[in-house]
Number of protein chains: 2
Amino acid sequence: MTTNPLHKLMNPASIATFGAGNNFLKMGTMHALSITKDGYAGKFYPVHPKDATVLGHKAYRTVEELPEAPDLALIVIPSEHVIATIDSLGKRGTRYAIIITAGFKETGESGRSMERELIETAERHGIRFIGPNCMGIVNTAISLNTTVMELRDKPGHLGFASQSGTYITQSLKYLGKRGIRFSKALSVGNEADISIIDALEYLGEDEQTKAISLYIEGIRDVPRFLDVARRITPHKPVIAQYVGGSKAGARSGKSHTGAMAGPDHIYDGIFRQAGIIRVDSIEDLYGQGWALATQPFLRGRRVGVITNSGGPGTAMSHVCEGGGMEIPVFSEKLQESIRPMVLPHAPRGNPVDITFSFDMNALTTEIPLLVMESGEIDGIVLHGAMNSGFVKALYPHIADLAQGVTIEDMVNELNANLNLSRSAGLPREYGIPMLLSSFLDRDDNLTEFYEDNDIPVFDSPEKTARAMVTLNRYRLVRQREAHGAPPPVRRSADAASIIERARKAGRAALDEHEAKLILAAYGAPITEERLVASADEAAAAAEALGYPAVLKACSSEILHKTEKGLVRLGLASAADVSAAFEDVQKAAGTRVPAIVYRMVKGSRELVAGMTRHEGIGPCVMFGLGGIYTELLRDVTFRVAPITAADAREMTRELRGSGILGEFRGMPAADIDEIARLLLALGAVAQNHPEVREIDINPILISGAHPVAVDALIALEA
Amino acid sequence: MTTNPLHKLMNPASIATFGAGNNFLKMGTMHALSITKDGYAGKFYPVHPKDATVLGHKAYRTVEELPEAPDLALIVIPSEHVIATIDSLGKRGTRYAIIITAGFKETGESGRSMERELIETAERHGIRFIGPNCMGIVNTAISLNTTVMELRDKPGHLGFASQSGTYITQSLKYLGKRGIRFSKALSVGNEADISIIDALEYLGEDEQTKAISLYIEGIRDVPRFLDVARRITPHKPVIAQYVGGSKAGARSGKSHTGAMAGPDHIYDGIFRQAGIIRVDSIEDLYGQGWALATQPFLRGRRVGVITNSGGPGTAMSHVCEGGGMEIPVFSEKLQESIRPMVLPHAPRGNPVDITFSFDMNALTTEIPLLVMESGEIDGIVLHGAMNSGFVKALYPHIADLAQGVTIEDMVNELNANLNLSRSAGLPREYGIPMLLSSFLDRDDNLTEFYEDNDIPVFDSPEKTARAMVTLNRYRLVRQREAHGAPPPVRRSADAASIIERARKAGRAALDEHEAKLILAAYGAPITEERLVASADEAAAAAEALGYPAVLKACSSEILHKTEKGLVRLGLASAADVSAAFEDVQKAAGTRVPAIVYRMVKGSRELVAGMTRHEGIGPCVMFGLGGIYTELLRDVTFRVAPITAADAREMTRELRGSGILGEFRGMPAADIDEIARLLLALGAVAQNHPEVREIDINPILISGAHPVAVDALIALEA
């Protein structure tokens with residue numbers, strides 16, 4: 001357990017409110033009402049300048065008048081008074097606050113300066129706080145709700161941290177109607193002190209929380225985010241939505257909480273690196289998070305599909321298979337055991353479709369039991385469990401024919417042979433996840449029962465199947481190689497002196513030979529080459545290195561060497577090489593050194609590189625090369641420093657990763673050598689902040705061995 | 001208007017039921033109850049073997065006893081009695097039926113034979129029918145519902161045709177709760193007579209229907225489907241979900257309605273060819289269909305985002321931009337006009353975020369009005385309209401403080417300055433679509449009002465934004481080139497005789513030269529080449545065609561020519577060519593003719609081909625070539641015959657389509673020539689059923705000109 005401040009902030013024994021009064025249409029009052037009405041059992045101290053009581057509780061005019069230093073202060077007063085209040089609280093001894101008030105960094109320069117002063121004031125007193133510009137928190141374990149909407153659901157297992165307050169206020173009723181229950185939820189606002197990373201760390205340590213969902217517009221400290229997330233994701237699933245990566249998304253996020261966004265593809269890499277599953281919508285953040293929070297870990301990729309209808313069964317099969325799972329045909333034995341429970345022609349080979357039967361016991365318990373018992377599947381998706389919702393949809397038609405039979409009678413009759421507890425207990429009993437799909441929401445008693453007993457019921461078959469695919473994505477996260485901290489790499493003095501020399505000469509870039517030497521200093525496989533200054537030296541180099549030879553002009557001043565005739569390939573003899581040297585001098589129009597290496601043969605081309613991103617740091621890139629590089633942008637990213645495991649994962653993430661396997665008669669590429677090359681990029685970035693950007697293009701796979709054939713290193717200005 | 005049988009079947013003046021009685025738990029009775037209870041005003045004739053009345057209506061023991069021939073028969077009796085009933089109905093003069101009964105083709109051989117007999121019987125009497133194995137139909141224009149669940153919503157504009165009955169029964173309450181209303185809906189079951197294509201054609205002609213959604217497990221007559229859809233999609237949007245393309249999906253579909261599925265990527269092509277927008281879930285089929293059915297056509301891609309919360313605004317912007325739309329920054333003038341309606345620091349540059357304001361009139365009417373008026377956007381997405389849902393979420397907190405103020409009072413107070421009719425009328429007034437997002441469902445009076453007035457309200461910001469992207473996809477469909485019927489292509493006698501000769505010789509394939517001649521006969525650009533039988537002929541050919549030359553062994557018997565040393569490239573002189581001829585003879589180990597052509601230069605490689613698919617017919621393929629072809633599978637398909645417009649669209653659909661533009665100093669490829677090549681593939685397929693498969697690999701782009709450099713044609717056995 002860390003000393004994360006949220007352990008205390010989220011569990012206060014007393015709360016003082018600032019800004020709550022008796023006008024229940026004021027924001028401050030609404031926040032306070034959630035504290036007083038939703039079951040919080042701690043002490044409640046409203047601070048109010050005038051009123052003697054607030055919401056029926058004795059009020060205090062000032063911080064000083066409070067009977068004790070409150071554990072937590074909830075602040076919803078005009079922004080110009082926030083700093084003084086924090087100061088008073090600090091003097092009194094309060095150490096935690098939630099600042100709901102907006103009007104700070106997100107509004108421009110004067111707000112930014114006020115936020116800085118707020119931070120300084122809080123730091124001076126050792127006060128840790130959430131906000132400003134947030135919606136507060138929810139801790140269902142102690143029935144504490146500081147948002148503005150009612151929340152009286154029983155505690156759940158989904159931990160939620162959000163850079164948007166709406167997602168734990170406006171959506172509370174939405175969640176209740178879908179049976180999704182938080183363990184804890186935090187709206188982090190401007191993150192002036194406590195950040196979404198702190199929230200993640202806290203939720204990772206919180207026992208009530210079984211899965212974590214994050215709504216992200218921008219991460220401020222990416223290395224710490226990675227570090228925290230990597231410690232959590234091997235044992236607790238984390239999913240995230242990121243919306244800052246588009247132009248308009250970034251603009252909107254900035255004016256929302258002042259968040260600094262980064263490119264979408266970099267965040268893709270960050271999430272992969274962290275073992276975080278990325279989703280595309282708030283709906284999935286809730287729903288798929290809920291599936292992860294309630295179900296046992298999936299042990300394999302085989303799904304059993306059980307339905308009362310062909311359409312949903314087909315659709316769920318389609319989505320699971322498209323998501324990399326398998327819908328195995330059930331064994332004859334299993335099919336035979338299912339046969340007595342279904343109509344004669346009903347499909348039972350997976351999907352099982354009970355068709356026009358209304359035997360809900362078979363659908364919800366007996367068939368799932370047989371399927372789990374068989375050992376033939378690892379997870380179940382089930383569509384069509386229903387009772388009262390169906391009766392209610394039918395009843396208006398039969399009310400006048402029903403001869404005194406009520407809706408309740410019909411529901412009870414249909415419930416008579418059901419064993420819902422057994423059904424909902426199956427996932428725990430067998431350690432096999434089960435997810436339901438129904439078009440009938442909590443108006444149906446079965447939907448209600450399952451949701452209340454931690455079996456998610458989604459409102460469409462595809463969503464159910466996608467949640468199963470998400471469970472499988474988490475299975476793959478758990479299976480991946482351990483990602484320890486990246487090993488420290490010692491700074492190369494040779495590399496440093498090359499860079500130093502170039503900078504002293506006022507150069508903005510290194511030449512190709514220098515760039516390769518630096519990469520080689522950190523273990524990257526490069527062409528074995530010599531720098532030559534004359535035709536004779538060139539010929540001698542080729543004689544030593546072998547034919548066919550390549551000769552290239554080597555200068556940091558010259559770009560587009562090929563187009564200018566400064567690259568000569570396939571030179572077959574010493575005479576050819578020495579003639580090529582002279583040709584290149586002519587083409588360059590000036591005396592220029594050259595490099596000579598033995599030509600690398602290989603038709604598999606890749607690229608790799610390093611770029612630095614504001615707010616993120618150095619990132620390592622790996623991708624398909626050749627003519628289609630820019631067209632297809634088949635690339636993947638990681639934030640440096642990276643581990644060998646990261647590098648190996650990168651080699652598997654390209655759409656065209658198959659090129660690295662045995663391919664068209666060529667041997668599989670040596671993945672460890674590629675990893676060394678990628679690690680070198682990270683190491684250069686870490687050890688040499690003067691290096692702005694690295695571009696290796698192409699890397700050729702020669703036999704099984706990757707070789708950096710051309711490289712460019714640009715320096716910071 | 002066509003003579004589509006559904007125009008009459010869907011509008012009967014009288015309906016007879018078979019299988020309906022007085023036990024309301026029987027399927028037949030449930031179906032009948034929907035007819036008698038949901039507002040249908042036509043005549044209702046229950047046929048029952050024993051009871052004198054059924055559901056309070058006079059019953060008839062036999063078809064013969066009916067007072068007239070009913071316009072429509074609804075049949076829910078055991079399968080073994082269906083044929084006799086159809087026969088009686090036919091004799092009596094009934095011409096339309098819906099056969100709900102299952103147990104036909106989908107159950108195996110005996111069911112298949114029974115279905116054939118059913119078809120023959122119906123044909124003999126000129127009876128057109130839906131089913132068997134279906135759930136019936138809904139025609140809201142005449143309040144006719146033949147499914148088993150209650151449906152009393154007012155008529156809508158979404159036409160729905162489905163190969164799963166569940167999607168117009170189990171989902172009816174689901175749809176009602178989301179404010180989605182059908183115009184007509186049809187469950188087509190086994191499609192023994194009337195098919196989903198007939199349903200599509202009918203919905204295309206139905207004036208009440210403004211958009212069409214199709215749930216598809218497999219299309220039986222793809223050419224007719226294309227023909228029908230292409231006539232509809234230029235003026236009425238069609239969206240479709242296809243789930244038959246995975247292994248398990250195909251298996252499941254087959255046992256569901258006996259549908260014949262095809263590969264997913266081919267269906268992608270079919271939908272593009274038809275101008276149909278593909279979606280991935282039943283939820284989108286309903287929700288995005290509803291957006292298309294209710295909103296004016298989008299005129300451009302600029303979206304205005306209006307919210308009361310940063311999170312949803314950022315998320316909607318992100319999704320719209322990711323979907324190819326633009327979120328333009330509003331002009332200073334527009335921002336100034338919005339300023340008085342929002343709090344001082346509220347973002348108003350697009351997204352507009354009214355933040356902590358509860359001014360619903362500004363959010364729902366005044367700001368959208370200004371934004372539409374400005375001419376700066378083409379569509380609006382709006383999050384946060386709410387009233388009673390919010391009050392209800394708040395009220396439990398304040399009930400005891402409210403001093404007699406009720407929920408209704410608060411709702412009315414908040415409604416006081418609202419002009420919802422104006423707000424909901426804006427899309428029609430300005431011809432600009434507006435889609436809403438709210439976490440509060442129809443428990444909120446604003447959600448209810450908008451939905452009831454044809455403004456879709458989605459339960460997540462991302463779904464709202466995706467629906468706007470779908471409107472934009474339809475804009476692009478409407479903008480595309482007119483797709484007339486493919487022009488008939490005259491059969492080439494030369495091509496026919498080449499094929500005839502090969503078949504007579506018992507060959508399974510043509511040789512490369514023959515294959516190219518056939519392609520050239522239909523207009524494809526091929527290498528200018530000569531077939532040679534001696535070294536002298538080879539040298540003479542090269543002299544005539546130019547250098548560098550290529551010489552290849554030419555035989556339908558030899559595969560993998562390159563690997564066997566039977567291809568010689570870059571031959572520079574007559575001597576080289578003639579030596580190469582002799583070399584190839586040796587390598588082949590037998591006397592073999594060769595082709596000679598001038599080597600084609602071009603680094604851009606593509607592939608094209610033709611394959612035949614069961615149940616679909618011949619398909620034309622176009623894709624990226626070169627080393628990554630199999631790895632990246634960047635390919636697109638169309639069903640032959642294709643038009644030049646189809647072919648041009650194909651060239652734009654690859655992820656790597658940019659390669660055909662100006663690229664790395666190379667000129668843009670001649671798209672019309674590529675189109676000619678693709679048209680040739682379709683024409684060969686149409687004119688020569690003996691051709692099983694064509695594979696052109698590679699096509700090189702030489703300068704701007706595509707050239708088929710190698711080609712293989714396989715023949716049917």
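Visitor: Which residue of β22(B) is the bridge partner of A549(B)?
Guide: Welcome! This is a predicted model, and we can start with one pair of strands. Strand β21 (residues 549-553) of chain B runs antiparallel to β22(B) and is joined to that strand by three bridges. In β22(B), A549(B) has as its bridge partner L571(B).

Visitor: In what order do the four strands of that open sheet of chain B lie?
Guide: Strands of a sheet pair through backbone hydrogen bonds, either parallel or antiparallel. Here the pairing is antiparallel. The edges are held by β20 (529-532) and β22 (567-571) of chain B, each with a single partner strand, so one side of each has no neighbour in the sheet. Read across, the open sheet of chain B has the order β20-β23-β21-β22.

Visitor: By how many degrees are neighbouring strands of this sheet turned against each other on average?
Guide: The sheet in question is the four-stranded open one of chain B. With direction ignored, the average turn between its neighbouring strands is 20°.

Visitor: Which helix packs on the sheet in chain B?
Guide: The helix to look for covers residues 535-545 and touches β20, β21, β22 and β23 (594-598) of chain B. Its direction makes about 20° with that of β23(B). This is helix α21 of chain B.

Visitor: Let us move to chain A. How wide an arc around the axis do the buried residues of α21(A) cover?
Guide: In helix α21 (residues 535-545) of chain A, the buried residues are A535(A), A538(A), A539(A), A541(A) and A542(A). An α-helix has 3.6 residues a turn, so residues three or four places apart point the same way. The buried residues lie on the same side of α21(A), because they cover an arc of only 160°.

Visitor: What do the buried residues of α21(A) pack against?
Guide: Their partners in chain A include one helix, α22 (574-588). The rest are strands: β20 (529-532), β21 (549-553), β22 (567-571) and β23 (594-598).

Visitor: Which residue just after α21(A) takes a positive phi?
Guide: Follow chain A just past the end of α21(A). There, a residue has a phi of about 105°, and that residue is G546(A).

Visitor: Stepping back, what is the relation between chain A and chain B?
Guide: A turn of 180° with a shift of 0.0 Å along the axis lays chain B on chain A, with an RMSD of 0.1 Å. The relation is therefore that of a two-fold axis.

Visitor: And what percentage of the residues of chain A count as buried?
Guide: Chain A has 25 helices and 29 strands, and its C-alpha trace spans about 105 × 80 × 40 Å along its principal axes. Of its 717 residues, the buried share is 58%.

Note on methods. Residues are numbered from 1 along each chain as its sequence is written. Chains are lettered from A and ligands numbered from 1 in the order in which they are written. This is a predicted model: local features need pLDDT of at least 70, side-chain atom pairs count only at pLDDT 80 or more; totals for chains, interfaces and linings use all residues. Copies are superposed by least squares on the C-alpha atoms of residues with pLDDT of at least 70 in both. Helices (H or I, at least four residues) and strands (E, at least two) are DSSP runs, numbered from the N terminus. A residue is buried if 20 or more other C-beta atoms lie within 10 Å of its own, exposed if 12 or fewer, and partly exposed in between; C-beta atoms are placed from the backbone. Two strands pair if DSSP finds at least two bridges between them. Axes are lines fitted to C-alpha atoms, for helices over the stretch in contact, and angles run from 0 to 180 degrees between N-to-C directions. Two residues are in contact if their C-beta atoms, placed from the backbone, lie within 7 Å. The arc is that of the directions from the helix axis to the C-beta atoms.
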